[in-house]
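Let's take a walk through this model together. Have a look at the whole chain before we go into its parts.

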Amino acid sequence: MVKDFFEVFPNLKVNTELQEFLNISQVSKVSCNPARDKVWVYLRSNVWIHKKHILALEEQIAKQCFPGLNVTVKIIERFYLSRQYNPENFLSAYRSSMELELRNFNMLEYNLFKRSEIVFPDTNTMEITMPDSVISRDKGTILVEYLQKVFCERCGMDLKIEVIYVETEESRYRKNAEIQIRQEVENVLKNAGMGGKSEEQSAAEAPIEEKTEQTEKREKTEKTEEAAPKKAAEKTDKKPAEPKEQKTFDKKGGRGEYLGSYRKDSNPDVIYGKDFEGDPITLESITGEMGEVIVSGQVMEIEFREIRNEKTIAIFPITDFTDSITVKMFLRNEMVEDIKGAVKKGAFIKLRGVTTIDRFDSELTIGSITGMKKSADTRKPRTDTAPQKRVELHCHTKMSDMDGVTDAKALVKR
């Protein structure tokens, strides 16, 4: 159920600028961990909100709603933007917000983002160019993960991200540092009597070294010229290599059948991955990263967002009516249609995956799905076991969200 923000937090006091954003925002969910020291507020808005306002809102909710308690509040924002926004112009508008968020998360990712060059070859493709270094290779993966989260999850855009690493010229400072270190090593060796060749000796040996190098080059060239005719003769004597047998797969096979580029179990109830056995645990019992779990529930909604390397991310919350949790799946593009046909809003599924905590939102999710199959409706119908049955009267008035024609005063009188 989605409610207006100030319907959920009626007594919250914020500054005028933030209040304007919150007046047109809604809350889709509020949850907490079993220890009740972390609270997640799921915020929906039709306009994007700068991260500085989100951070201020987290602070005010913790301060005003949980005074004197050590409670951390985390806002998980979702923006439902108009079509005037595409990834390129949204980056221009939202970039300062992203920089603030990355700076609070980690300075390495922040500096890498600042130094990277970002272009858009087409509407839904981003090319990000980074300097080729150990840090870029390591932290670049996290930066791409963050960009996918902002554009695909937070804003619901389809975006492919391609990373380009380029070599950078060695800085003057680094060159000077290396020269200084080399000189200090030479001085230490000279003082220890280990590298004490005089300048006259070095000068005398230089022509010898040069002559030796020239001799080696000439000998190497002669050997190459001698070996060339032999290699040509061997090449003509060799038989042409037989083409390797190409394996073909029947797309309508049994267990482990080959479907495009992925395998599917023979059990018709299996939607994705392999079949599995085991009893599911309730979602309310998942308190943190517990490793691999089996859960079942009803799909509340689902969205697909295409990302880089011909892959698509599927995001859908499920509920077993004790609690709810978000499931994230990374799919090859050719698998999407099969998943769309089976995983729909209202469908009941059972899956096996790994509980993980999102590094940016600290949100508990289930990922690394190894198996998913159809499940029976787990809802238990309500029964009236009271010896004396009762009747419930129900009516909508003019103040109801539904279309009601009855006046509340007349209804009470009746």
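Let's start on the outside: the chain has an accessible surface of about 28000 Å², and carbon and sulfur atoms account for 49% of that (Shrake-Rupley method, 1.4 Å probe). This is a predicted model, where local features need pLDDT of at least 70 and side-chain atom pairs count only at pLDDT 80 or more, while totals for chains, interfaces and linings use all residues. Residues are numbered from 1 along each chain as its sequence is written, and side-chain values use heavy atoms, with hydrogens and water left out.

Of the 414 residues in the chain, 33% are buried (under 20% relative accessible area, 1.4 Å probe, protein chains only). You'll find 10 helices and 16 strands (DSSP runs: H or I of at least four residues for helices, E of at least two for strands).

Now step inside. The largest nonpolar core (buried Ala, Val, Leu, Ile, Met, Phe, Trp, Tyr and Cys residues joined through side-chain atoms within 4.5 Å) has 50 residues. Phe5, Leu57, Phe90, Met98, Leu143, Leu147 and Phe151 touch the most other members. Helix α6 (residues 134-154) is the top contributor, giving eight residues. A second, separate core has 24 residues, including Tyr272, Phe304, Ala314 and Ile325.

Finally, what are the residues of the largest pocket's lining like: nonpolar, polar or charged? They divide into 15 nonpolar, four polar and 11 charged. Strand β2 gives the most to this lining, with four residues.

Technical notes
Ala, Val, Leu, Ile, Met, Phe, Trp, Tyr, Cys and Pro count as nonpolar, Asp, Glu, Lys and Arg as charged, and the others, Gly among them, as polar.
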